[in-house]
Amino acid sequence: MSAIPPGSGPRPLPAARRTGRAALVGAACTALAVALTGCGGEGDPDAGTNGMGKLPAAKIEAKARAAAQRAETVRLSGSVVSQGRTYKLDMSLAKDGAKGELTTKAAAFQLLRIGEALYLKADAAFWAGEKSGRSGAPGQAAGKLDGKYVKVPAKDPVYQRFSGFTDKETLLAGLLGLHGKLTAGDRGDLGGVRTIRLAAGAGSGGTLDVSLEGTPYPLRLQRAGGAGVVRMADWGKRVDLKAPDKDQVVDYGARISGGDR
(Lines give C-alpha, C1' and ligand atoms only; values in the text may rest on other atoms or scores of the structure.)
Protein backbone atom coordinates (compact mmCIF):
# COMPACT_ATOMS: atom_id res chain seq x y z
CA MET A 1 0.00 0.00 0.00
CA SER A 2 1.51 3.23 -1.11
CA ALA A 3 2.05 6.02 1.34
CA ILE A 4 0.03 9.20 1.01
CA PRO A 5 2.25 11.79 -0.52
CA PRO A 6 3.11 14.53 1.92
CA GLY A 7 0.77 17.54 1.62
CA SER A 8 -1.92 15.67 -0.42
CA GLY A 9 -4.49 15.34 2.49
CA PRO A 10 -7.07 17.97 3.60
CA ARG A 11 -5.46 21.11 4.80
CA PRO A 12 -6.63 23.02 7.90
CA LEU A 13 -8.41 26.33 7.28
CA PRO A 14 -6.28 29.39 7.74
CA ALA A 15 -6.87 31.08 11.10
CA ALA A 16 -8.55 34.07 9.45
CA ARG A 17 -11.12 31.88 7.65
CA ARG A 18 -11.87 29.91 10.84
CA THR A 19 -12.42 33.16 12.72
CA GLY A 20 -14.74 34.49 9.99
CA ARG A 21 -16.86 31.34 9.98
CA ALA A 22 -17.16 31.40 13.78
CA ALA A 23 -18.23 35.04 13.62
CA LEU A 24 -20.97 34.24 11.09
CA VAL A 25 -22.34 31.40 13.22
CA GLY A 26 -22.28 33.64 16.29
CA ALA A 27 -24.11 36.43 14.47
CA ALA A 28 -26.79 34.00 13.30
CA CYS A 29 -27.35 32.75 16.84
CA THR A 30 -27.52 36.31 18.14
CA ALA A 31 -30.18 37.24 15.59
CA LEU A 32 -32.25 34.16 16.34
CA ALA A 33 -32.02 34.77 20.06
CA VAL A 34 -34.31 37.79 19.66
CA ALA A 35 -37.19 35.43 18.91
CA LEU A 36 -35.90 32.17 20.37
CA THR A 37 -34.66 31.17 23.76
CA GLY A 38 -31.37 30.12 22.20
CA CYS A 39 -29.87 28.64 19.03
CA GLY A 40 -32.20 25.70 18.36
CA GLY A 41 -34.66 26.68 21.15
CA GLU A 42 -38.44 27.16 20.99
CA GLY A 43 -40.31 30.46 20.48
CA ASP A 44 -41.43 32.44 23.52
CA PRO A 45 -45.11 33.44 23.04
CA ASP A 46 -44.78 36.07 25.78
CA ALA A 47 -41.80 37.89 24.30
CA GLY A 48 -42.62 41.59 24.02
CA THR A 49 -46.01 41.27 25.77
CA ASN A 50 -47.37 42.75 28.98
CA GLY A 51 -46.83 39.42 30.72
CA MET A 52 -50.49 38.48 31.14
CA GLY A 53 -49.89 35.15 29.41
CA LYS A 54 -47.70 34.01 32.30
CA LEU A 55 -50.39 34.61 34.93
CA PRO A 56 -53.14 32.28 36.19
CA ALA A 57 -56.50 32.77 34.50
CA ALA A 58 -58.13 34.28 37.60
CA LYS A 59 -55.43 36.94 37.85
CA ILE A 60 -55.77 37.81 34.16
CA GLU A 61 -59.51 38.27 34.61
CA ALA A 62 -59.00 40.42 37.73
CA LYS A 63 -56.47 42.66 35.98
CA ALA A 64 -58.71 43.01 32.92
CA ARG A 65 -61.67 44.01 35.09
CA ALA A 66 -59.53 46.52 37.00
CA ALA A 67 -58.24 48.04 33.75
CA ALA A 68 -61.81 48.35 32.42
CA GLN A 69 -62.97 50.02 35.62
CA ARG A 70 -60.12 52.55 35.60
CA ALA A 71 -60.64 53.56 31.98
CA GLU A 72 -62.63 56.76 31.50
CA THR A 73 -64.23 55.63 28.23
CA VAL A 74 -64.84 52.65 25.96
CA ARG A 75 -66.71 51.80 22.77
CA LEU A 76 -68.87 48.67 22.78
CA SER A 77 -70.19 47.11 19.60
CA GLY A 78 -71.84 43.81 18.80
CA SER A 79 -74.98 42.08 20.03
CA VAL A 80 -76.44 41.21 23.42
CA VAL A 81 -79.52 39.28 24.50
CA SER A 82 -81.40 40.94 27.35
CA GLN A 83 -84.77 39.82 28.72
CA GLY A 84 -85.36 37.66 25.67
CA ARG A 85 -84.62 40.42 23.17
CA THR A 86 -81.57 40.70 20.95
CA TYR A 87 -80.01 44.15 20.72
CA LYS A 88 -77.31 45.20 18.31
CA LEU A 89 -75.37 48.03 19.85
CA ASP A 90 -72.69 50.52 19.02
CA MET A 91 -72.22 52.67 22.09
CA SER A 92 -69.44 55.03 23.16
CA LEU A 93 -69.50 55.28 26.94
CA ALA A 94 -67.95 57.72 29.39
CA LYS A 95 -68.25 58.08 33.14
CA ASP A 96 -70.74 60.94 32.82
CA GLY A 97 -72.79 59.75 29.86
CA ALA A 98 -72.87 57.95 26.54
CA LYS A 99 -74.01 58.10 22.95
CA GLY A 100 -74.69 55.58 20.23
CA GLU A 101 -77.26 53.38 18.55
CA LEU A 102 -79.34 50.35 19.46
CA THR A 103 -81.09 48.13 16.96
CA THR A 104 -83.78 45.54 17.67
CA LYS A 105 -85.75 43.33 15.33
CA ALA A 106 -88.45 45.98 15.23
CA ALA A 107 -86.59 49.28 15.32
CA ALA A 108 -83.35 51.23 15.38
CA PHE A 109 -82.88 54.26 17.60
CA GLN A 110 -80.21 56.55 19.00
CA LEU A 111 -79.43 57.00 22.66
CA LEU A 112 -77.75 59.99 24.26
CA ARG A 113 -77.21 60.48 27.98
CA ILE A 114 -75.57 63.50 29.58
CA GLY A 115 -75.52 63.20 33.35
CA GLU A 116 -79.01 62.10 34.36
CA ALA A 117 -80.67 63.40 31.18
CA LEU A 118 -81.52 60.61 28.73
CA TYR A 119 -82.56 61.37 25.16
CA LEU A 120 -83.92 58.83 22.71
CA LYS A 121 -84.30 59.49 18.99
CA ALA A 122 -86.49 57.12 17.00
CA ASP A 123 -89.11 57.02 14.27
CA ALA A 124 -92.87 57.26 14.70
CA ALA A 125 -93.33 53.47 14.54
CA PHE A 126 -91.20 53.00 17.64
CA TRP A 127 -93.12 55.59 19.63
CA ALA A 128 -96.47 54.26 18.43
CA GLY A 129 -95.54 50.96 20.01
CA GLU A 130 -94.40 52.61 23.24
CA LYS A 131 -97.59 54.69 23.48
CA SER A 132 -100.02 51.96 22.46
CA GLY A 133 -101.25 51.52 26.04
CA ARG A 134 -102.42 55.13 26.35
CA SER A 135 -105.86 56.43 25.43
CA GLY A 136 -106.32 58.73 22.50
CA ALA A 137 -104.67 58.54 19.09
CA PRO A 138 -101.19 57.06 19.59
CA GLY A 139 -100.34 57.30 15.91
CA GLN A 140 -100.90 61.05 15.85
CA ALA A 141 -98.98 61.60 19.07
CA ALA A 142 -96.12 59.37 17.94
CA GLY A 143 -95.84 61.36 14.72
CA LYS A 144 -94.83 64.41 16.74
CA LEU A 145 -91.88 62.43 18.13
CA ASP A 146 -90.65 61.12 14.78
CA GLY A 147 -86.98 61.98 14.33
CA LYS A 148 -86.85 64.11 17.48
CA TYR A 149 -84.72 63.68 20.58
CA VAL A 150 -87.24 62.79 23.25
CA LYS A 151 -86.11 63.62 26.77
CA VAL A 152 -87.14 60.52 28.67
CA PRO A 153 -88.46 60.97 32.22
CA ALA A 154 -86.52 58.98 34.83
CA LYS A 155 -89.68 57.18 36.03
CA ASP A 156 -90.75 56.11 32.57
CA PRO A 157 -90.39 52.43 31.55
CA VAL A 158 -88.37 53.54 28.52
CA TYR A 159 -85.78 55.09 30.82
CA GLN A 160 -85.67 51.99 32.98
CA ARG A 161 -85.22 49.68 30.00
CA PHE A 162 -82.59 51.61 28.06
CA SER A 163 -80.58 53.71 30.52
CA GLY A 164 -78.46 50.67 31.41
CA PHE A 165 -77.08 50.69 27.87
CA THR A 166 -75.64 54.15 28.57
CA ASP A 167 -74.06 53.39 31.95
CA LYS A 168 -70.45 52.26 31.59
CA GLU A 169 -70.10 50.67 35.01
CA THR A 170 -73.45 48.89 34.93
CA LEU A 171 -73.07 47.65 31.38
CA LEU A 172 -69.51 46.35 31.82
CA ALA A 173 -70.36 44.70 35.15
CA GLY A 174 -73.15 42.78 33.44
CA LEU A 175 -71.19 41.90 30.33
CA LEU A 176 -67.87 40.84 31.84
CA GLY A 177 -69.34 38.06 33.97
CA LEU A 178 -67.87 34.64 33.14
CA HIS A 179 -69.50 31.53 34.61
CA GLY A 180 -67.49 28.47 35.58
CA LYS A 181 -63.90 27.43 36.12
CA LEU A 182 -61.51 29.74 34.29
CA THR A 183 -58.74 28.54 32.02
CA ALA A 184 -56.34 30.51 29.84
CA GLY A 185 -54.36 29.53 26.81
CA ASP A 186 -55.41 30.26 23.27
CA ARG A 187 -53.47 33.16 21.75
CA GLY A 188 -55.03 35.30 19.06
CA ASP A 189 -55.01 38.63 17.30
CA LEU A 190 -57.69 41.33 17.25
CA GLY A 191 -57.09 44.23 14.91
CA GLY A 192 -53.34 43.66 15.06
CA VAL A 193 -53.27 43.41 18.87
CA ARG A 194 -52.09 40.14 20.39
CA THR A 195 -54.53 38.59 22.85
CA ILE A 196 -54.93 35.73 25.27
CA ARG A 197 -58.31 34.03 25.68
CA LEU A 198 -59.96 33.18 28.97
CA ALA A 199 -62.57 30.44 28.83
CA ALA A 200 -65.12 29.71 31.57
CA GLY A 201 -66.52 26.22 31.90
CA ALA A 202 -64.47 25.05 28.88
CA GLY A 203 -66.12 27.84 26.87
CA SER A 204 -69.75 27.13 27.78
CA GLY A 205 -69.61 29.88 30.43
CA GLY A 206 -68.28 32.48 28.00
CA THR A 207 -64.88 33.57 26.69
CA LEU A 208 -62.96 36.80 27.08
CA ASP A 209 -60.03 37.96 24.93
CA VAL A 210 -57.59 40.16 26.85
CA SER A 211 -54.88 42.37 25.34
CA LEU A 212 -51.31 41.09 25.62
CA GLU A 213 -50.01 44.53 24.65
CA GLY A 214 -49.90 47.56 26.91
CA THR A 215 -52.77 47.81 29.39
CA PRO A 216 -54.56 44.44 29.67
CA TYR A 217 -57.94 45.69 28.48
CA PRO A 218 -60.69 43.20 27.63
CA LEU A 219 -61.19 43.33 23.86
CA ARG A 220 -63.87 40.78 22.99
CA LEU A 221 -66.47 38.91 24.99
CA GLN A 222 -68.51 35.93 23.90
CA ARG A 223 -71.31 35.63 26.44
CA ALA A 224 -72.44 32.36 27.95
CA GLY A 225 -75.36 30.53 26.36
CA GLY A 226 -75.04 32.31 23.02
CA ALA A 227 -76.19 35.58 24.57
CA GLY A 228 -74.13 37.70 22.20
CA VAL A 229 -70.63 38.76 21.21
CA VAL A 230 -69.30 42.22 22.10
CA ARG A 231 -66.15 44.01 20.98
CA MET A 232 -64.53 46.55 23.30
CA ALA A 233 -62.31 49.22 21.76
CA ASP A 234 -61.19 52.85 21.98
CA TRP A 235 -60.37 52.51 25.67
CA GLY A 236 -59.61 55.94 27.12
CA LYS A 237 -60.42 57.84 23.93
CA ARG A 238 -62.42 61.05 24.30
CA VAL A 239 -66.18 60.85 23.88
CA ASP A 240 -67.78 64.17 22.94
CA LEU A 241 -71.17 64.51 24.62
CA LYS A 242 -73.29 67.46 23.61
CA ALA A 243 -76.96 68.11 24.30
CA PRO A 244 -79.16 68.34 21.19
CA ASP A 245 -80.33 71.71 19.95
CA LYS A 246 -83.50 72.80 21.74
CA ASP A 247 -85.55 72.77 18.55
CA GLN A 248 -84.72 69.07 18.17
CA VAL A 249 -85.86 68.09 21.68
CA VAL A 250 -89.31 67.07 22.88
CA ASP A 251 -89.74 66.99 26.67
CA TYR A 252 -92.84 65.04 27.69
CA GLY A 253 -92.52 65.64 31.42
CA ALA A 254 -93.35 62.88 33.86
CA ARG A 255 -94.26 60.03 31.53
CA ILE A 256 -94.34 59.18 27.83
CA SER A 257 -95.14 55.47 27.70
CA GLY A 258 -98.40 53.71 28.22
CA GLY A 259 -96.68 50.63 29.59
CA ASP A 260 -93.88 48.25 28.75
CA ARG A 261 -94.11 46.22 25.60
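A residue counts as buried when its relative accessible area is under 20%, and as exposed when that area is over 50%. The exercises below apply to a predicted model.

**Exercise 1. Classify Thr195 as buried or exposed, and list what it touches.**

Step 1. Locate the residue: Thr195 belongs to strand β8, which covers residues 193-200.

Step 2. Apply the cut-off. The relative accessible area of Thr195 is 2%, so Thr195 is buried.

Step 3. Collect the contacts, leaving out residues up to four places away in sequence. Thr195 touches Asp186, Arg187, Gly188, Asp189 and Leu190, among others. Its list also includes Asp209, Val210, Ser211, Leu212 and Leu219.

Step 4. Place some of these contacts on strands. β7 spans 182-190, β9 spans 207-211 and β10 spans 218-222.

**Exercise 2. Determine the strand order of the sheet and state which strands stand at its edges.**

Step 1. Count the elements: the protein chain has 6 helices and 12 strands.

Step 2. Write the order. The 12 strands form an open sheet with mixed pairing, in the order β7-β8-β9-β10-β11-β1-β2-β3-β4-β5-β6-β12.

Step 3. Read off the ends. β7 and β12 each have a single partner strand, so one side of each has no neighbour in the sheet.

Step 4. Add the twist: on average, neighbouring strands are turned by 20° against each other, direction ignored.

**Exercise 3. Give the direction and number of bridges for three strand pairs, with a residue pair for each.**

Step 1. Recall the two options: strands of a sheet pair through backbone hydrogen bonds, either parallel or antiparallel.

Step 2. Take β2 (residues 85-94) and β3 (residues 97-103). They are antiparallel, with 7 bridges, and Leu89 has Leu102 in β3 as its bridge partner.

Step 3. Take β5 (residues 117-121) and β6 (residues 149-152). They run antiparallel and are joined by 4 bridges; Leu118 is opposite Val152 in β6.

Step 4. Take β6 and β12 (residues 249-251). This pair is parallel and has 3 bridges, and Val150 is partnered by Val250 in β12.

**Exercise 4. State which strands helices α2 and α6 lie across.**

Step 1. Helix α2 (residues 57-70) lies across β7, β8, β9 and β10, at about 55° to β7.

Step 2. Helix α6 (residues 168-175) lies across β1 (73-82), β2, β10 and β11 (229-233), at about 55° to β1.

Step 3. Compare the lists: β10 is among the strands crossed by both helices.

**Exercise 5. Place Phe162 in the nonpolar core.**

Step 1. Phe162 lies in helix α5 (residues 157-162). With 2% relative accessibility, Phe162 is counted as buried.

Step 2. Beyond the residues up to four places away in sequence, Phe162 is in contact with Tyr87, Leu102, Phe109, Leu111, Leu120 and Phe126.

Step 3. Take Leu120 from that list. The two residues are 42 apart in sequence, and their C-alpha atoms are 9.1 Å apart.

Step 4. Check core membership. The largest nonpolar core has 50 residues, and those touching the most other members are Leu76, Phe109, Leu111, Leu120, Phe162 and Met232.

**Exercise 6. Summarise burial, contact range and surface for the protein chain.**

Step 1. Of the 261 residues, 34% are buried.

Step 2. Of contacts between residues at least 6 apart in sequence, 54% join residues at least 24 apart.

Step 3. The chain exposes about 14,600 Å², with 53% of this area supplied by carbon and sulfur atoms.

Key
Residues are numbered from 1 along each chain as its sequence is written. This is a predicted model: local features need pLDDT of at least 70, side-chain atom pairs count only at pLDDT 80 or more; totals for chains, interfaces and linings use all residues. Side-chain values use heavy atoms; hydrogens and water are left out. Two strands pair if DSSP finds at least two bridges between them. Helices (H or I, at least four residues) and strands (E, at least two) are DSSP runs, numbered from the N terminus. Buried means under 20% relative accessible area, exposed over 50%, partly exposed in between (1.4 Å probe, protein chains only). Contact means heavy atoms within 4.5 Å. Accessible areas come from the Shrake-Rupley method with a 1.4 Å probe; for residues, only the protein chains shown count as cover. Axes are lines fitted to C-alpha atoms, for helices over the stretch in contact, and angles run from 0 to 180 degrees between N-to-C directions. A nonpolar core is a set of buried Ala, Val, Leu, Ile, Met, Phe, Trp, Tyr and Cys residues joined through side-chain atoms within 4.5 Å.
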